[in-house]
Amino acid sequence: MKMVSTFEITKGFDRWLHLVDVELKSKLEEYGVKVHFACANEDETRVYDMFEIEDPSRVEAFLMDKEVIKLRTEAGVILDSSDVLSTVVKSKIW
């Protein structure tokens with residue numbers, strides 16, 4: 001299942017990209033999560049992303065994983081600002 005979400009960040013988009021590309025890589029694989037697209041607003045305080053998870057019932061387990069929480073917090077993610085905007089049925093990324 002694909003979803004579009006948004007959340008606040010405090011350390012900029014590059015720091016968040018490092019989190020996803022490096023620090024969370026093994027956890028993303030463990031939980032079957034793939035980030036397909038991400039962008040930030042002009043002042044890099046909010047991220048919008050489209051991600052896919054193989055088993056939607058594991059979203060909560062991923063977000064509650066202590067290591068995931070620690071890494072996201074260290075990267076400047078405001079955890080309680082997360083909001084799933086929509087599920088995605090069809091998409092195309094150029």
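What radius of gyration would a compact globule with 94 residues have, and what value does the chain have? In this predicted model, the chain has a radius of gyration of 12 Å, which agrees with the value near 12 Å for a compact globule of 94 residues. Along the principal axes, the C-alpha atoms fill a box of roughly 30 × 30 × 25 Å. Of the 94 residues, 34% are buried. The exposed area of the chain is about 6000 Å², of which carbon and sulfur atoms supply 53%.

The chain contains four helices and four strands. Read from the N terminus, these elements follow the order β-α-α-β-β-α-α-β. Among the contacts with a separation of 6 or more, 72% are between residues 24 or more positions apart.

The charged side chains comprise 13 positive and 19 negative charges, and the mean positions of these two sets are 4 Å apart. Five salt bridges were counted in the model. One of them joins Arg46 to Glu8, with the closest N and O atoms 3.4 Å apart. Arg46 belongs to strand β3 (residues 46-53) and Glu8 to strand β1 (residues 2-9), so this pair ties together parts of the chain that are 38 residues apart in sequence. Glu8 has a relative accessibility of 33% and therefore counts as partly exposed.

A salt bridge is also formed between Glu23 and Arg15, where the closest N and O atoms are 2.6 Å apart. Glu23 is partly exposed, at a relative accessible area of 24%. Arg15 is likewise partly exposed, at 23%.

In helix α2 (residues 25-31), Lys27 and Glu30 lie three residues apart, about one turn of the helix. These two residues form a salt bridge in which the closest N and O atoms are 3.5 Å apart. Lys27 counts as buried because its relative accessibility is 14%, under the 20% cut-off. Glu30, at 44% relative accessibility, counts as partly exposed. Salt bridges with shared partners join Lys27, Glu30 and Asp65 into one network.

Arg72, located in helix α4 (residues 66-74), is buried but has no salt bridge. For Arg72, the nearest side chain of opposite charge is that of Asp49, 7.3 Å away; a salt bridge requires a side-chain nitrogen within 4 Å of a carboxyl oxygen. When residues up to four places away in sequence are not counted, Arg72 touches Phe7, Leu19, Leu24, Leu63, Val77, Leu79 and Ser82. The contacts of this buried arginine thus include Phe7 and Leu79.

Backbone geometry was also examined. Most residues other than glycine have a negative phi. Glu44 is not a glycine, yet its phi is positive, at about 55°. Glu44 is placed in the loop between β2 (33-40) and β3. With a relative accessible area of 36%, Glu44 is partly exposed.

Technical notes:
Residues numbered from 1 in each chain as written. Predicted model: local features only at pLDDT ≥ 70, side-chain atom pairs only at ≥ 80, totals over all residues. Heavy atoms only, no water. Helix = DSSP H or I, 4+ residues; strand = E, 2+ residues; numbered from the N terminus. Rg over C-alpha atoms; globule rule 2.2 N^0.38 Å. Buried < 20%, exposed > 50% of the residue type's maximum accessible area, 1.4 Å probe, protein only. Contact = heavy atoms within 4.5 Å. Areas by Shrake-Rupley, 256 points an atom, 1.4 Å probe, with all protein chains shown as cover. Lys, Arg positive; Asp, Glu negative; His and termini not counted. Charge placed at Lys NZ, Arg CZ, Asp CG, Glu CD.
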